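Thank you all for coming; today I would like to walk you slowly through one structure. Please have the sequence and the model open as I speak, so that you can follow along.

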Amino acid sequence: MDIQEGRLILDNTDINRIVKNHLEKFDEILNDNFEEIIAQTYNKNDSAIFPESKFQQIKIENPSYTKEDFKFDCLKNEVTNYLSEIKDDRKTKNTTLKIIERAEAGKIEVLNKDNPQPWQKQLLTALTTLNRYISEKLESIEKNEHFNKAIPPRIYNALEAINSEKSQDILNATQTRTPWEKVFNEFEEYKNGNKGTKQNTIDSNRFCVLTCFELVNKKYVEEITYKDCHKIANTICRVPVKWNINYPHKRLQDLIKQDFEKTLSATSVKKYLRSFKEFMAFCRKRRYTTESFVDDIDIPRKREATEINGFTPKELSKIFNIKTYPPMVSIEHSYRYWIPLIALYSGMRLNEICQLYLDDIDWEDDVYYFNLTDKRKDQHLKNRQSKRRVPIHPMLIEFGILNLIKKARKEKRERLFYQLTYNEKNHYANKMSGWFARYLKSLGIEGRDKVFHSFRHTVKPYLRDAGISQEYQNAICGWGTNDIGEKVYGGQIPIAKLYEEISKLKYPFLEKNLNAIMKKNKGRI
């Protein structure tokens, strides 16, 4: 740190310290909010260096406020906090303290928005990179994945320095072996006091941790290694149900070598590993270990297989019922009205419908159609066959979907269902998926086999029964085929021919219900 021509100058050491300070705070966030991060209830803005929500809030109050203004204000706040922190550090030299005092008194220029100095640009780049690293790290934990992205050198060096300090703390401490039960008692106090966690949940966590330590036949937290974590993650699925009650005199290490009819379910396996993961993170926080092994404890991502079934005629009659089906009374919720109808008459996947841009709706040979692509960064298709053209069913046109499209274009919207927002996990489908699940439950249609995707399984038999050939079914719905002649866009089947075929898709038992819904909502677009 120095002063040149009346300006504050931060050097590379200062920038590295700012990055390191942030990483130490982020480490605490991971330890204190591990459960929330795994459950995806943690607000990422709380750890962001440039929180988007804060920018949007200021933007509402001050429309002329720009991203550049926001980044400069965040940078200014970072430097102010850094100066305050090193001022309170007893190891700080007197010459540095004098510089800080002059900066705080306004006697020297700290930052300049219009004429930034090289160090100011370097710090902004470092913090932008760090902000991205934090976001990606949180995402990897949410998805229970290894963090396998390249770590920028400055961040890597800061992480190494932090780990080195923690290792030294442990080496300087008395060399004793700490029973995991003793550390868990501290963990319990922390969960009770800081988190308000219920006792039955803590007791369940204790048994999960006990099981993991028994799997590797160890008692002390300092003994846990990467290989132990790998073994726990790979063998816990073989643990028999109620092993401690049914086999009280046998070692768990020996039990997992046998074949049992009832072993831990996929849900239980996740719970055990998450408990162990959180406990090891706590051990690292309290300096019992140098590693938390958070990235080495793999939690299975796949759920137990569930077969999705189509809706029965009775269930479809419940869904499309004049008394319960959402009316077209609010443009903000119009997607609830249209998306199930589109799925019923196309077999399109939920996100394929939700992500439609207005320029994805085209016209050829007197036929309007949906052009399903992934040409934009926020558009996603399941596979190669999913890229296709789907004619708009005549029943949808009768409902008035062309008027909806016309209105959206007149309002200069980009997307057909612009009310839906994007996220990395579920793309544009999140809001609709949640609402439809609640809607099905309100109708008494429950079970993991009945979800929005059931529409896709519903369409298939009705296409078949309408006499539509498999080739045309594949072209309309984007199903895979073993016929090498069927290529992208259904082997270039003319759109007029696809329209002719999809027009055969009908639901005679629903006509009365659908006509009533159509009549009630006519002219409300």
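**Helices and a pocket**

Let me begin with helix 20, residues 454-465, and helix 21, residues 470-477, whose axes come within 10 Å and cross at roughly 150°. I should say at once that this is a predicted model. Angles over 145 degrees count as roughly antiparallel, and helix 20 and helix 21 are therefore roughly antiparallel to each other. As for its hand, the crossing of helix 20 and helix 21 is right-handed.

Next, please look at helix 6, which covers residues 118-142. How far apart are the end C-alpha atoms of helix 6? With 25 residues and 1.5 Å for each residue, helix 6 should span 36 Å, and its end C-alpha atoms are indeed 36 Å apart, so the expected span and the model agree. Just after helix 6 comes Asn 144, which takes a positive phi of about 60°.

Helix 6 also brings us to the second largest pocket, because the largest share of that pocket's lining, 9 residues, comes from helix 6. The second largest pocket has a volume of about 970 Å³. Of the 29 residues that line the second largest pocket, the closest to its centre are Lys 44, Asn 45, Ser 135, Glu 139 and Glu 424. The elements that give two or more residues to this lining are helix 4, residues 67-88, and helix 6. Sorted by class, the lining of the second largest pocket holds 11 charged, 10 polar and 8 nonpolar residues.

Definitions and conventions. Residues are numbered from 1 along each chain as its sequence is written. This is a predicted model: local features need pLDDT of at least 70, side-chain atom pairs count only at pLDDT 80 or more; totals for chains, interfaces and linings use all residues. Side-chain values use heavy atoms; hydrogens and water are left out. Helices (H or I, at least four residues) and strands (E, at least two) are DSSP runs, numbered from the N terminus. The expected span of a helix is 1.5 Å times one less than its number of residues. On a 1 Å grid over the protein atoms alone, a cavity is a set of points where a 1.4 Å probe fits but cannot get out, and a pocket is an open set with protein on both sides within 12 Å along at least five of seven lines; lining residues have an atom within 4 Å of a point. Grid points are joined across faces, edges and corners, and a volume is the space filled by probe spheres set on the points. Ala, Val, Leu, Ile, Met, Phe, Trp, Tyr, Cys and Pro count as nonpolar, Asp, Glu, Lys and Arg as charged, and the others, Gly among them, as polar. Axes are lines fitted to C-alpha atoms, for helices over the stretch in contact, and angles run from 0 to 180 degrees between N-to-C directions. Angles under 35 degrees count as roughly parallel, over 145 as roughly antiparallel, 65 to 115 as roughly perpendicular and the rest as oblique. A crossing is left-handed if the near helix is turned anticlockwise from the far one by less than a right angle, and right-handed if clockwise.
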